[in-house]
Amino acid sequence: MSKDYEVVIGLEVHVELNTKTKIFCGCSTEFGGAPNSHVCPVCAGMPGSLPVLNKEVLHKAIAVGLATNCDITRDSKFDRKNYFYPDNPQNYQISQLYFPICRNGKVEIELKDGTKKFVRIHEIHMEEDAGKLVHDAATDETYVDFNRSGVPLIEIVSEPDMRSSEEVIAYLDTLRETIQYLGASDCKLNEGSMRADVNLSIREKGSEEFGTRTETKNLNSFKAIQRCIENEIGRQIDIIEEGGKVMQETRRWDDDKEYSYPMRSKEDAQDYRYFPDPDLVPIHVSEEMINEIKAEEPEFRPAKKIRYQEELGLPEYDADQITSEKHLTELLEGAVALGADAKKVSNWLMTETMRLMKETSTDADKLKFSAENLAKLVKLVESKEINNAVAKEVFEKAVFAENLDPEQYVKDNNMSTKADAGQLEAVVEKAIAANPKAVEDIKAGKGKAIGAIVGFVMKEMKGKCDPGEVNKLINQKLN
């Protein structure tokens with residue numbers, strides 16, 4: 001970006017709350033059901049149907065508000081936002097305009113260079129999601145799926161405090177981690193449970209006045225958001241430098257083409273004809289409710305990272321990697337509670353687990369294996385019942401894939417590499433006798449020559465021994 005310009009960015013982040021039922025009815029919120037299979041008269045907008053607020057939605061919204069340092073509105077209510085669109089079955093959306101549940105919050109973000117800053121939150125409000133339009137390119141027809149209609153959302157509206165795509169990604173990542181740790185949502189952008197609208201404008205550096213902003217809708221990956229922001233910054237600068245005026249409009253980003261196009265103009269005053277929803281009673285949030293929700297707050301990532309270093313002795317890198325996913329912290333803490341060494345558990349999570357997660361496209365919250373079986377595997381290696389090579393095979397085939405008991409799996413498949421002491425000593429002596437040149441080289445200070453003797457032993461033992469133990473025995477014999 002030219003040094004003469006400054007970008008100003010604010011976000012509207014929609015998060016689907018992971019309640020079992022929808023915000024105003026008893027229909028399932030499960031993702032991926034057959035089209036229109038999770039629908040009833042309420043979420044289909046049938047005349048005469050009456051909504052009833054799901055209390056769990058209120059609790060999760062307040063929990064997110066408290067975790068993001070918001071003031072909780074004690075007397076809140078719902079409003080109707082009227083607009084006509086095919087995936088909006090009632091022709092209005094139940095939302096909150098006048099008295100949102102949370103206000104005036106802030107979250108601290110940290111950039112790659114260690115710089116920290118606060119991004120203010122204007123408000124968080126509860127609302128219902130709309131349905132989904134499915135466009136069939138082959139037939140040029142559009143179908144409507146109302147499964148998502150009525151799924152509970154919170155919309156987190158920031159102040160225009162971000163000045164780069166890096167700050168935006170840091171803010172979104174902080175929100176995602178916070179909400180996941182709370183257990184309020186899985187925040188999976190690829191499934192639409194977290195979506196961001198980017199409001200962006202350009203102004204000359206030093207100017208207090210905002211430029212004309214555009215809004216880009218429903219971006220569903222961090223990479224897409226970053227590319228979209230960089231593209232929109234360049235587009236607006238080009239328009240200004242060519243003497244044109246940026247139009248206030250809503251745009252849609254095509255990530256495949258890396259291009260955005262206008263959807264509709266957007267004036268400052270939109271007449272959604274908001275009015276209080278007559279079918280829903282006002283919400284009173286008591287001090288007791290707030291205290292109960294606050295008491296249930298988990299240990300968040302920043303505090304966990306510090307504790308892992310101070311109490312478990314993990315390096316900073318390990319603590320950072322493990323705390324990036326809440327479920328990985330649960331596996332680590334569970335295995336350590338069963339007596340496994342924290343660093344060794346961390347190594348298994350950071351190497352083999354993350355490798356297999358990537359290869360199998362498995363999210364952390366979908367991992368099958370238990371902390372108990374991970375702890376057992378660590379102890380099998382520590383006791384030299386199996387060596388590292390066998391342990392990796394057991395982990396991949398038994399633990400990661402099927403959550404099988406590794407002790408039983410090793411026993412059933414005769415995979416123990418714990419050699420009889422007398423037998424191993426005899427084979428080492430045989431290997432030394434069979435490799436006089438290697439022995440000569442070792443005594444001459446060429447340490448790498450021991451590999452020939454170790455290899456001989458491993459072959460004779462068919463891999464059923466510990467290489468470290470073999471090295472130790474060879475050195476004892478030669479010294």
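# Salt bridges, cores and strands

Colleague: Which term describes Glu396: buried, partly exposed or exposed?

Modeller: In this predicted model, the relative accessible area of Glu396 is 34%. A residue counts as buried under 20% and as exposed over 50%. Since 34% falls in between, Glu396 is partly exposed.

Colleague: Which residue forms a salt bridge with Glu396?

Modeller: The partner has a relative accessibility of 30% and therefore counts, like Glu396, as partly exposed. In this salt bridge the closest N and O atoms are 3.4 Å apart, which is within the 4 Å that a salt bridge requires. The residue that pairs with Glu396 is Arg355.

Colleague: How many residues apart in sequence are Arg355 and Glu396?

Modeller: Arg355 belongs to helix H8 (residues 342-360), whereas Glu396 belongs to helix H10 (residues 388-402). The pair links distant parts of the chain, and the separation is 41 residues.

Colleague: Which residues are joined into one network by salt bridges that share partners?

Modeller: A search of the whole structure finds 39 salt bridges. Some of them share partners, and in this way one network is formed by Glu299, Lys304, Arg307, Glu311 and Glu333.

Colleague: Why does the salt bridge of Arg203 and Glu6 tie together parts that are 197 residues apart in sequence?

Modeller: The two side chains meet at 2.9 Å, N to O, with Arg203 buried at a relative accessible area of 12% and Glu6 partly exposed at 22%. The reason for the long separation lies in where the two residues sit, because Glu6 is in strand S1 (residues 5-16) and Arg203 is in strand S11 (residues 194-204).

Colleague: Which helices are linked by the salt bridge between Asp320 and Lys305?

Modeller: The side chains of Asp320 and Lys305 meet at 3.0 Å, N to O. Lys305, at 23% relative accessibility, counts as partly exposed, and so does Asp320, at 27%. The two residues are 15 residues apart, and the helices they link are H5 (residues 301-310) and H6 (residues 316-322).

Colleague: Which helix gives the most to the largest nonpolar core?

Modeller: The largest nonpolar core has 70 residues, and those with the most contacts inside it are Ile156, Tyr171 and Ile225. Nine residues of this core come from the helix that gives the most, and that helix, at residues 165-182, is H2.

Colleague: With which residues is Ile225 in contact, leaving aside its neighbours within four places in sequence?

Modeller: Ile225 is among the residues with the most contacts inside the largest nonpolar core. In soluble globular proteins, nonpolar side chains tend to be buried together. Beyond its sequence neighbours, Ile225 is in contact with Val168, Ile169, Leu172, Leu189, Ala196, Val198 and Leu219.

Colleague: How many residues does the second, separate core have?

Modeller: Among the members of this second core are Leu328, Leu349, Leu356 and Ile386. The core is separate from the largest one, and its number of residues is 36.

Colleague: Which strands stand at the edges of the open sheet of three strands?

Modeller: The order in this sheet is S5-S4-S15, with antiparallel pairing. An edge strand has a single partner strand, so one side of it is left without a neighbour in the sheet. The strands in this position are S5 and S15 (275-276).

Colleague: Which residue in S15 is the bridge partner of Asp79?

Modeller: Strand S4 (residues 79-82) runs antiparallel to S15, and two bridges join them. In S15, the partner of Asp79 is Pro276.

Colleague: Which residue takes a positive phi in the hairpin of S8 and S9?

Modeller: Strand S8 (residues 132-136) and strand S9 (residues 141-145) pair in the antiparallel sense over five bridges, and Asp136 stands opposite Glu141. Most residues other than glycine have a negative phi. In the loop between S8 and S9, at 71% relative accessibility and therefore exposed, the residue with a phi near 60° is Asp140.

Colleague: What is the phi of Asn403?

Modeller: Asn403 lies in the loop between H10 and helix H11 (406-412), where, at 26% relative accessibility, Asn403 counts as partly exposed. Although Asn403 is not a glycine, its phi is positive, at about 55°.

Methods. Residues are numbered from 1 along each chain as its sequence is written. This is a predicted model: local features need pLDDT of at least 70, side-chain atom pairs count only at pLDDT 80 or more; totals for chains, interfaces and linings use all residues. Side-chain values use heavy atoms; hydrogens and water are left out. A nonpolar core is a set of buried Ala, Val, Leu, Ile, Met, Phe, Trp, Tyr and Cys residues joined through side-chain atoms within 4.5 Å. Buried means under 20% relative accessible area, exposed over 50%, partly exposed in between (1.4 Å probe, protein chains only). Helices (H or I, at least four residues) and strands (E, at least two) are DSSP runs, numbered from the N terminus. Contact means heavy atoms within 4.5 Å. Two strands pair if DSSP finds at least two bridges between them.
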